[in-house]
Amino acid sequence: MKEMSRKILFIPALLLICAIVGYFLLAGVYCLPTERMEKNMKESVEIFYAEDNYPQLMEYKNSQLDNFTDGIMLLTASNPNHDNVWYDAIKAERYLTSDTPVETILDVYGDGVEEPDNTYYARYWHGYLVLLKPLLMLFGYGQIREIMMFCQLGLFAILLVMLAKRNVKLIIPVFLMWIFLNPVTTMMSLQFNTVLVITLISMIGILCFKEKFIIKSCYGWCLFFMIIGVLTSYFDLLTYPLLTLGAPLALWLAFDFSEHFWSNFKNLVQLSIFWGIGYAGMWVLKWIIGSLITGENVIGNAVEQVAFRTSFVADDTVITFSKMMHELQYSARQYTWIFALVLLAGYFVYRVLKTRKLNINMFVSFLIISLFPMVWYLVMKNHSFIHHWFTYRELAISVYAMSTCALIYGDKYLVIKDK
């Protein structure tokens, strides 16, 4: 009983420690001088002149960059410091001269508008500033994009190498997921890069911990997924955050599969709940800390936004599930991966016929994970509908989970086993 009590009490304690550490890290980077950041912003102006808010790299909607939000991130990072770094770290102020951040960048750093107004975005953690502020001291926006490409490609290569050593067939689902996300876009946009990097690191972490048997208990894995949720809430500006749960969870299941369905189901529910505790708990702590530090009603503002993002209405349009899915499939339309999935479905049928047995346990377990995006869309109706051109990326969970199921179907064991 005492052991159980300690485990339960450790959960909120760990969450609070994460919030305090995150707050101190932000306060630390707000001590950095912004003069060099402003200089690099001026050198980056030409990119925004050429691209504007939402440039498309290809003819498809899924190739659209989000320079609008990248502009918010860069303006927040380069905003001059005030006297109190603790206040600045919570408030996350930025310049505001026009309707869009890109126009503000052009006004302030291109045309040299003096004494621009300030606005703020206090309901988010803006944890990306821990990395973006130091980078912006050294590099311009274009160079930071190159660094993002290098990091994402490097992590992707590491993951493929690690998977190849364990089960070479598991390379294909990761590759399909990556193509579905449109890596050219995710590597070029600060906004879209964060969630994918967290996902890749989490999947690499699962393989490392499984191989070395560092985490042996279900409780340990629950805490691992809780930390993933914390990092997602801390760094992300609400893009396609569920990917950091769905993809690592499918990989975890592939290496920890039970012949008993209810055991798999229990594990999926537990790990998902802990991810949710980390994700939602970190948000709530930011709202509480923000209200206490600034004296403003950050909690009230955040609750209003939650109500808006989960509403059935967007620009006087009543959102139905069919309308939402129509927009999402339009954004996700990529004929190459559709062809690949058809081949995988054929391979799955071949394995079923070869083994002469349909493993309902395995199929349903991975099917549950593949349905996670649908639950997210039903909850985050407004946000998913309005921003369909990037929220479609939640469906990468379905692509990854079902392709993993198809490829490992019929394998009695995977490479990693208990010693």
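The following questions and answers go through a predicted model, from its surface to its interior.

Biologist: Which helix gives the most to the nonpolar patch on the surface?
Modeller: The patch is formed by Val 284, Ile 288, Leu 292, Ile 293, Ile 299 and Val 303, with about 500 Å² of accessible area together. Two helices, α14 (261-294) and α15 (298-309), each supply at least two of these residues. With four residues, the one that gives the most is α14.

Biologist: Is Ile 293 buried, partly exposed or exposed?
Modeller: Ile 293 is one of the residues in the nonpolar patch, and its place is in helix α14. Buried means under 20% relative accessible area and exposed means over 50%. Ile 293 has 37% relative accessibility, so it counts as partly exposed.

Biologist: Where do Trp 283 and Trp 287 lie, and how is their aromatic pair classed?
Modeller: Both residues lie in helix α14, four residues apart, which is about one turn of the helix. Their rings are 5.8 Å apart, centre to centre, with 70° between the planes. Planes over 60 degrees apart set the class, and the pair in α14 is edge-to-face.

Biologist: Are Trp 283 and Trp 287 buried or exposed?
Modeller: The cut-off for buried is under 20% relative accessible area. Trp 283 has 12% relative accessibility, so it falls under that cut-off. Trp 287 has a relative accessible area of 11%, so it too is buried.

Biologist: Which residues do ring pairs link into a cluster with Trp 283 and Trp 287?
Modeller: The count for the model comes to 26 aromatic pairs. Ring pairs join Trp 283 and Trp 287 into a cluster with Tyr 121, Tyr 124, Trp 275, Tyr 279 and Trp 376.

Biologist: Why are Trp 221 and Phe 224 separated by about one helical turn?
Modeller: Trp 221 and Phe 224 are both buried. They form an edge-to-face aromatic pair, 5.3 Å centre to centre and with 75° between the planes. Because they are three residues apart in helix α12 (residues 218-235), their separation is about one helical turn.

Biologist: Which residues have the most contacts inside the largest nonpolar core, and which residues does Leu 243 touch?
Modeller: In soluble globular proteins, nonpolar side chains tend to be buried together. Here the largest nonpolar core has 131 residues, and those with the most contacts inside it are Phe 225, Leu 243 and Phe 366. Leaving aside neighbours within four places in sequence, Leu 243 is in contact with Met 177, Leu 181, Val 195, Leu 196, Thr 199, Pro 248, Glu 394, Ala 396 and Ile 397.

Biologist: What do the buried residues of α6 pack against?
Modeller: Helix α6 (residues 101-110) is mostly covered, with eight of its 10 residues buried. Among them are Pro 101, Asp 107 and Tyr 109. The buried residues of the helix pack against α2 (35-43), α3 (45-51), α4 (67-78) and β1 (93-96).

Biologist: Which residue just after α6 takes a positive phi?
Modeller: The helix covers residues 101-110. Just after it, a positive phi of about 75° is taken by Gly 112.

Biologist: Is Gln 152 buried or exposed, and which residues is it in contact with?
Modeller: Gln 152 is found in helix α8 (residues 141-166). Its relative accessible area is 0%, so Gln 152 is buried. Leaving aside neighbours within four places in sequence, its contacts are Trp 178, Pro 183, Thr 186, Met 187, Asn 193, Leu 196 and Leu 200.

How values were computed. Residues are numbered from 1 along each chain as its sequence is written. This is a predicted model: local features need pLDDT of at least 70, side-chain atom pairs count only at pLDDT 80 or more; totals for chains, interfaces and linings use all residues. Side-chain values use heavy atoms; hydrogens and water are left out. Patches are made of residues with over 30% relative accessible area and no salt bridge: like charges are joined within 9 Å, nonpolar side chains (Val, Leu, Ile, Met, Phe, Trp, Tyr) within 5 Å. Accessible areas come from the Shrake-Rupley method with a 1.4 Å probe; for residues, only the protein chains shown count as cover. A salt bridge is a side-chain nitrogen of Lys or Arg within 4 Å of a carboxyl oxygen of Asp or Glu. Buried means under 20% relative accessible area, exposed over 50%, partly exposed in between (1.4 Å probe, protein chains only). A nonpolar core is a set of buried Ala, Val, Leu, Ile, Met, Phe, Trp, Tyr and Cys residues joined through side-chain atoms within 4.5 Å. Contact means heavy atoms within 4.5 Å. Rings of Phe, Tyr and Trp (its six-membered ring) pair if their centres lie within 6.5 Å; planes under 30 degrees apart count as stacked, over 60 as edge-to-face and the rest as tilted.
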